[in-house]
Amino acid sequence: SNVGGTVSLSSMSILNITSSTDATDNLQTMSGVDAIQGTGTIGALSLTGVKISNPSDMAIKGTGTWTGLTINNSLIEKSNRYGVANRGDSNNEGMVVISGLTGTASITNSKFDQGATLVDLMTSTSGHLDVTMTNNIFSNSYKGFNGGVGGVYQVGGYGVRLITQGSASMTAIIGDVNETNAALGNLFLNDTYSVFVGHLNGTDTGLIKALLSENTFQVTNHLSPTGAPGFTIPNGTVLLAPLGVGNMDATVSNNTFDQLVDAAGLEGSLSVAAQGGTNNQVRVTGNNFINPWNRPIELRSNNGAVLTALVSGNTYSTGTAGGAATDSTTSTGSYNAHRFWTLNNSTLNLTWTNETGATNSFFNGALIQAANAGDTLNVFMNNLAVPTGYTFSNAGTLNLFRNGSISGTIQGILQDNNVTGGGGSTATNPPNVSSIGTITFSNTAVI
């Protein structure tokens, strides 16, 4: 229906909108009982000082043509039967789920706790959406079941998922737009995954601009439910995924990634999966990675995509991930260093500078890989120290920028560019290097 503008709710509580069979229905049952429902809506919604607790399905469900969303100083909790013992639903459910949104979405000073994907926003097929999220808590989108429920040990989704479709474009600011004020950052705590930003379909054409700055992505729950396979735990990771014809221009700066596991389908605490678009750009700077359980960063260009990336000035803390009474009693840091790679006729232009890896990373060194014939990877490396060294693997074209070096070896070019590390030490000089395939030494600067 056409609500003729904005429906505003202020200083109120909406509690226990439940179904009589919530305690007995199977997992992943959608009861159709939502706290606020706007289907086929033309209009906007504003919540200020509102508490929504324990709805059977969604706290807010919206479809149609939504022209705006504001949530300020509010608490939304225990949706999707997360408040019911041994029950929970995350298939096609979430806490705040709106499809067909354009205009402005402003989410500030609020807490979203215990529900499937906590904030799940998708654009209309055209138009533009501006999203701002500051000073919020997005927690516990993961729910585990000791002993399992019908063989299922966990349900859950993202803390925040932002998706465009069709020709619609989006600007998403998660944290501080000026990249300086930690008070404007958000806390993502014990979520199955923290953030997804991307396109819906391979034919989407809209540009996504994304800024994630001054946030904390943290997992403190490292113990799988009783009887579950190992690492059935919150992952807490961030995934940026441009798809199709559309491009993404993203900045990830000054965030803390604290003891995260894997992105969906990739291995980084922060992963970028470009799967289309010929002008994708990402800047990853000034972040602190604390004891990732796999790779800190993974960048992948796939399916004909072109991705240009700057990775610079990030820090990597040394300590212990997991420990006694968790899924790992021995892990003392990253399982692997970064992976930067291409496949399926794609291009990655990578500038990687000014970083020192954690001394407790082990197994494999940093992997720089053009995986298939038809791939192109152009890389410039400068002022780096990775204790596990560097691996170059090429089945297509892999160009290493000399930056003035006249050396005839990979090791020599890296040494001339103040790149060190290997054998467990950041100081190893010249650095430890292994290579597969032909690596071309280039005098052409990386874009």
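Select Asn80 and Ala116 to begin: the side chain of Asn80 reaches the backbone nitrogen of Ala116 at 3.0 Å. Keep in mind as you look around that this is a predicted model.

Stay on Asn80 and add Gly94 to the selection. Here a polar atom of the Asn80 side chain lies 2.9 Å from the backbone oxygen of Gly94.

Now colour the stretch around this residue. Asn80 sits in the loop between β4 (75-77) and β5 (96-108). Is Asn80 buried or exposed? Switch on the surface to see: Asn80 is buried, because its relative accessible area is 0%, and the cut-off for buried is under 20%.

What surrounds Asn80 there? Leaving aside neighbours within four places in sequence, show its contacts, among them Pro55, Ser56, Asp57 and Met58. Then add Gly88, Asp89, Glu93, Gly94 and Met95, which also touch Asn80. Gly115 and Ala116 are in contact with Asn80 too.

For the next stop, select Arg300. This residue belongs to strand β25, which covers residues 295-302. Arg300 has 14% relative accessibility, so it counts as buried.

Which side chain joins that of Arg300 in a polar contact of 2.9 Å? Select Gln275 and you have the partner. Gln275 also appears among the residues that Arg300 touches, not counting those up to four places away in sequence. Show the others as sticks: Leu266, Val272, Ala273, Ala274, Leu307, Trp341 and Leu343.

To finish, draw a distance line from Arg300 to Gly374, using the C-alpha atoms. The two are 74 residues apart in sequence and 15 Å apart in space.

Terms used. Residues are numbered from 1 along each chain as its sequence is written. This is a predicted model: local features need pLDDT of at least 70, side-chain atom pairs count only at pLDDT 80 or more; totals for chains, interfaces and linings use all residues. Side-chain values use heavy atoms; hydrogens and water are left out. Helices (H or I, at least four residues) and strands (E, at least two) are DSSP runs, numbered from the N terminus. Buried means under 20% relative accessible area, exposed over 50%, partly exposed in between (1.4 Å probe, protein chains only). Contact means heavy atoms within 4.5 Å. A polar contact is a pair of N or O atoms within 3.5 Å; within protein, one must be able to donate a hydrogen and the other to accept it, and residues adjacent in sequence count only if both atoms are side-chain atoms.
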